[in-house]
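Take a walk through this model, strand by strand and then pocket by pocket. Keep the structure open beside the text.

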Amino acid sequence: MTRILNYIKGEMVPPEAGAFLPNIEPATGAPYSEVPDSDSEDVERAVAAAESAFPAWSSAPASERSRLLLRVAELIEQNLERLARAESIDTGKPIRLARSLDIPRAASNFRFFATATLHFASESHATDLRAINYTLRRPRGVAGLISPWNLPLYLMSWKIAPALATGNTAVAKPSEITPMTAYLLSELCREAGLPAGVLNIVHGTGAKAGAAITGHPRVGTISFTGGTKTGAEIGRVCAPFFKKVALELGGKNPNIIFADAGLEEVIPVSIRSSFDNQGQICLSGSRIFVERAIQKEFLERFVERAKSLVVGDPLEESTEQGALTSKAQFDKVLSYLQLAQREGGRILCGGEARPAVGGRCARGYFIRPTVITGLPVSSRVNQEEIFGPVVTVTPFDSEDEVVAYANGTPYGLAASLWTQNLSRAHRLAERIQSGTVWINCWMLRDLRVPFGGMKSSGVGREGGLEALRFFTEPRNVCIHLPANPAAGSAS
Ligand code: NDP
């Protein structure tokens, strides 16, 4: 059985205390590897390594940091198949998705930030003729990077790449539920020749290893992606240290479909926004609002397509829906299906666990794509993030009504809006409280745009220049321009 190791000071090492946890393959429900159960001692060693690597890494030419990160991107691409298979086994996602989305995106993250940093410029402000101010942006030191289990390498690399590109060193912690690709990444970083200590990866639980990072007095920057409750706890821990914190948290995203939208395009994209990655994407459109005039037709076509999705062994090429990533998540989603019935919802398809995925997957965490109608927008199922292959469909009659529905949860991460009416699209994009509004699309990502959430979906923005700004400290330098006595100017 593979023993995953920590990556500290350039070496692959077991946790100091020698404790490991079983790592379960969700498609089978059986352990298939072991992950370090690291504690504060391991984090302390990782922070010390990152601190000692910081002076050389932060003062290296940007082009040198860029070269090494581009090498990591290349190695990810060269290992695409191996990484995709590992991600599929570890998370339960279809290998097709890991191969087409997760792993290519991880390579793109490294490539994007390796080059973005070469084009990063800072501001200058001329104060009349009296002074010139320029902004010096310096790396902040050791960054703590904590990521969740739904898109493991994709989200971890989204943090590592900008942190390192701007000259920080880092201590990263993947979710202990899905540690495998972060482990493989550490091997690739060694192969790429990344200097020892620049990146350290400590595996283990959030309660032990994660909390040791966020509470560490010498880790001044925290970038966290995960649940809203955990985000609140991290905010509480970091506040007394005045750490710079970015929190990318949960969502309960509206997918709003007007009658003029054209269902030919809406249906396939809404199937993806509802069920891709078994609905375990923070950006999933889990609340579908359909203009009443087309609700019947929408439901018929949408439910028919949802029923036809192939649920199966994630390693099979034909599989469209794999397993949920953990037993805890599986149980949580099932509990919401029961709640939906108690709240008066009508389950039009799905709603069951363990469909006939036989053979080696007989004990896996599978739930069929589920569509529910008839729930009030204030119901718990419509208010709380389920993070599974479950969507609700609710009719609406007017713009004002659907805006109120869209904004009527504590979250504000992403929204999709389907209409051919351009004025309406602009109007609603302005009114919907959301970090991202997609018009006639979903998950169309450009790495340059600001990414993050409003309200309980988070604080701060990542992506593009926002990430480069987040990982650097702006210092204003003010140069006084003495008056030229010969010119007789007044200051
Ligand atoms: P969690 O909040 O449970 O965990 C996220 C990470 O934080 C894990 O690595 C976890 O470790 C760690 N962690 C847990 N407790 C602490 C703590 N006290 N201190 C420090 N670290 C801690 O989220 P999930 O892993 O369950 O991920 C699902 C959630 O992530 C969903 O709510 C989803 O919406 C959100 N998400 C948000 C995204 C966004 O960009 N806005 C993108 C993707 C997901 P461990 O799991 O090992 O215990």
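Two strands pair if DSSP finds at least two bridges between them. Strands S8 (residues 142–146) and S9 clear that bar, with five bridges joining them in a parallel run. The model is a predicted one.

Start with S9. One bridge links Ala143 to its partner in S9, Ala170. Is S9 buried or exposed? Five of the five residues in S9 (residues 169–173) are buried, so the strand is largely enclosed by the rest of the structure. In a regular strand the side chains alternate between the two faces of the sheet. Both faces of S9 are covered: Thr169, Val171 and Lys173 are buried on one side, Ala170 and Ala172 on the other.

Strand S17 repeats the theme. Seven of the seven residues of S17 (residues 390–396) are buried, so S17 is largely enclosed by the rest of the structure. One face carries Val390, Thr392, Thr394 and Phe396; the other carries Val391, Val393 and Pro395; both are covered. S17 has parallel partners. Strand S14 (residues 287–291) pairs with S17 over five bridges in the parallel sense, and there Phe289 has Thr394 as its bridge partner. Strand S16 (residues 370–373) also pairs with S17 in the parallel sense, over four bridges. Ile372 stands opposite Thr392 in S17.

Now turn to another sheet. Three strands form an open sheet in the order S1-S5-S4, with mixed pairing. Its edge strands are S1 (2–3) and S4 (20–25), each pairing on one side only. S1 pairs with S5 (residues 30–36) in the parallel sense over two bridges. Arg3 stands opposite Glu34 in S5.

Next, the cores. In soluble globular proteins, nonpolar side chains tend to be buried together. The largest nonpolar core here has 91 residues. Those with the most contacts inside it are Ile76, Leu164, Leu199, Ile257, Leu283, Phe298 and Val371. What does Ile76 contact, leaving aside its neighbours within four places in sequence? The list is Leu83, Ile103, Ala106, Ala107, Phe110, Leu185 and Leu188. Another core, of 21 residues, lies apart from the largest one; Val171, Ile234, Leu247 and Leu249 are among its members. Val171 also belongs to one of the covered faces of S9.

Helix H7 leads on to the pockets. In H7, Ala209, Gly210, Ala212, Ile213 and Thr214 are buried. The cover over these buried residues includes helix H1 (40–59), S8, S9, S11 and H8.

The largest pocket has a volume of about 890 Å³. Of its 35 lining residues, Trp149, Phe224, Gly226, Gly227 and Thr230 are the closest to its centre. H7 (206–214), strand S11 (221–225), H8 (228–238) and helix H11 (327–342) each supply at least two lining residues. H8 gives the most, with six residues. By class, the lining has 14 nonpolar, 14 polar and seven charged residues.

The second largest pocket has a volume of about 280 Å³. Which residues lie nearest its centre? They are Arg96, Leu97, Arg272, Asp276 and Glu320, out of 15 that line this pocket. Helices H4 (95–116) and H9 (263–275) are the elements that give two or more residues to this lining. H9 gives the most, with four residues. The lining of this second pocket divides into six nonpolar, four polar and five charged residues.

Methods:
Residues numbered from 1 in each chain as written. Predicted model: local features only at pLDDT ≥ 70, side-chain atom pairs only at ≥ 80, totals over all residues. Heavy atoms only, no water. Core = buried A, V, L, I, M, F, W, Y, C linked by side-chain atoms within 4.5 Å. Buried < 20%, exposed > 50% of the residue type's maximum accessible area, 1.4 Å probe, protein only. Contact = heavy atoms within 4.5 Å. 1 Å grid on protein atoms, 1.4 Å probe; cavity = no way out; pocket = protein on both sides within 12 Å on 5 of 7 lines; lining within 4 Å. Points joined across faces, edges and corners; volume = space filled by probe spheres on them. Nonpolar A, V, L, I, M, F, W, Y, C, P; charged D, E, K, R; others polar.
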